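Here's a quick tour of a single chain, written for someone who likes to check the atoms directly. Have the structure open while you read.

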Amino acid sequence: YIDGLHFTGGGWTNTPALIKWAMAEFNRTSDSSRQQALVILTDGDPCLPTECPASVCEYAEPLKRAGIRTIFIASGDFAYSSVSYALIACLLEKDYDFIPISSF
């Protein structure tokens, strides 16, 4: 999977596209006998070219229905901002699914 990821630059964090891509990948490869976990390592608020920051809460229910647990490892300013946390908290099953770190 990693070989297919490419940095395109642009200065924004397209978390919505990441979640859509991940859900399609889980749909294609999931194993119902195992916990499905989406781990997102990020240093930026979820953004779209037309909206930044952008909420990702529309994906909370589809992720839950698919049995996918979402875990954020957040770095830098994103890790310690209550505004940033509010944008993604709806995706978390447990408070400890948000893991702040000082840097990568």
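What follows goes from the overall fold to one helix, then to the salt bridges, the disulfides and a peptide bond.

**The chain as a whole**

Keep in mind that this is a predicted model. Mean pLDDT for the chain is 87, with 89% of the residues at 70 or more. Broken down by element, confidence bottoms out in helix H3 (residues 76–79), where the mean is 80, and peaks in H2 at 96.

The secondary structure amounts to 4 helices and 3 strands, and reading along the sequence gives the pattern α-β-α-β-α-α-β. The chain has 104 residues, and 32% of them are buried. If you take the contacts between residues at least 6 apart in sequence, 74% of these join residues at least 24 apart.

**Helix H1**

H1 covers residues 15–29. Does its geometry hold up, and what would you expect its 15 residues to span? At 1.5 Å a residue the answer should be 21 Å, and the end C-alpha atoms of H1 are 21 Å apart, so the two agree.

At the start of H1, look for Asn14: one of its side-chain oxygens comes to within 3.1 Å of the backbone nitrogen of Ala17. As for the side of things that is hidden away, the buried residues of H1 are Thr15, Pro16, Ile19, Ala22, Glu25 and Phe26. Their cover includes strand E1 (36–42), helix H2 (60–65) and E2.

**Two salt bridges**

Side chains of opposite charge can pair when their charged atoms come close. How many salt bridges does a search of the whole structure find? It turns up 2.

One of them sits inside H1. Arg28 pairs with Glu25, and the closest N and O atoms are 2.6 Å apart. The two residues are 3 apart in the helix, which means about one helical turn separates them. Their surroundings don't match: Arg28 is exposed at 60% relative accessible area, whereas Glu25 is buried at 15%.

The other salt bridge joins Asp97 to Arg69, and here too the closest N and O atoms are 2.6 Å apart. This pair ties together distant parts of the chain, 28 residues apart: Asp97 belongs to the loop between helix H4 (82–88) and strand E3 (98–101), while Arg69 belongs to strand E2 (residues 68–75). Both partners are buried.

Asp97 deserves a closer look. Is it buried or exposed, and by what relative accessible area? With a value of 2%, it falls under the 20% cut-off, so it counts as buried. Leaving out residues up to four places away in sequence, Asp97 touches Arg69, Thr70, Ile71, Phe72 and Leu92.

**Two disulfides**

A disulfide is a covalent bond between the sulfur atoms of two cysteines. The count for this model is 2 disulfides, and with bonded cysteines numbered along the chain they follow the pattern 1-2, 3-4. Here are the pairs with their sulfur distances.

| Disulfide | S to S distance |
|---|---|
| Cys47–Cys52 | 1.8 Å |
| Cys57–Cys90 | 2.1 Å |

In the Cys47 to Cys52 pair, the two ends sit in contrasting settings. Cys47 is buried, at 4% relative accessible area, but Cys52 is exposed, at 52%.

Now for the Cys57 and Cys90 disulfide. It connects distant parts of the chain, 33 residues apart, with Cys57 in the loop between E1 and H2 and Cys90 in the loop between H4 and E3. Which hand does this disulfide have? The torsion about the S-S bond is about -100 degrees, so the Cys57 and Cys90 disulfide is left-handed. Both ends count as partly exposed, Cys57 at 33% relative accessibility and Cys90 at 31%.

That puts Cys90 in the loop between H4 and E3, and Asp97 lies in the loop between H4 and E3 as well.

**A cis peptide bond**

Most peptide bonds are trans. The bond joining Cys52 and Pro53 is cis, with omega at about 0 degrees. Pro53 is found in the loop between E1 and H2, and its partner Cys52 is bonded to Cys47 through a disulfide.

Key:
Residues are numbered from 1 along each chain as its sequence is written. Side-chain values use heavy atoms; hydrogens and water are left out. A salt bridge is a side-chain nitrogen of Lys or Arg within 4 Å of a carboxyl oxygen of Asp or Glu. Buried means under 20% relative accessible area, exposed over 50%, partly exposed in between (1.4 Å probe, protein chains only). The expected span of a helix is 1.5 Å times one less than its number of residues. Contact means heavy atoms within 4.5 Å. A polar contact is a pair of N or O atoms within 3.5 Å; within protein, one must be able to donate a hydrogen and the other to accept it, and residues adjacent in sequence count only if both atoms are side-chain atoms. pLDDT is the predictor's confidence in each residue, from 0 to 100. A disulfide is a pair of cysteine sulfur atoms within 2.5 Å.
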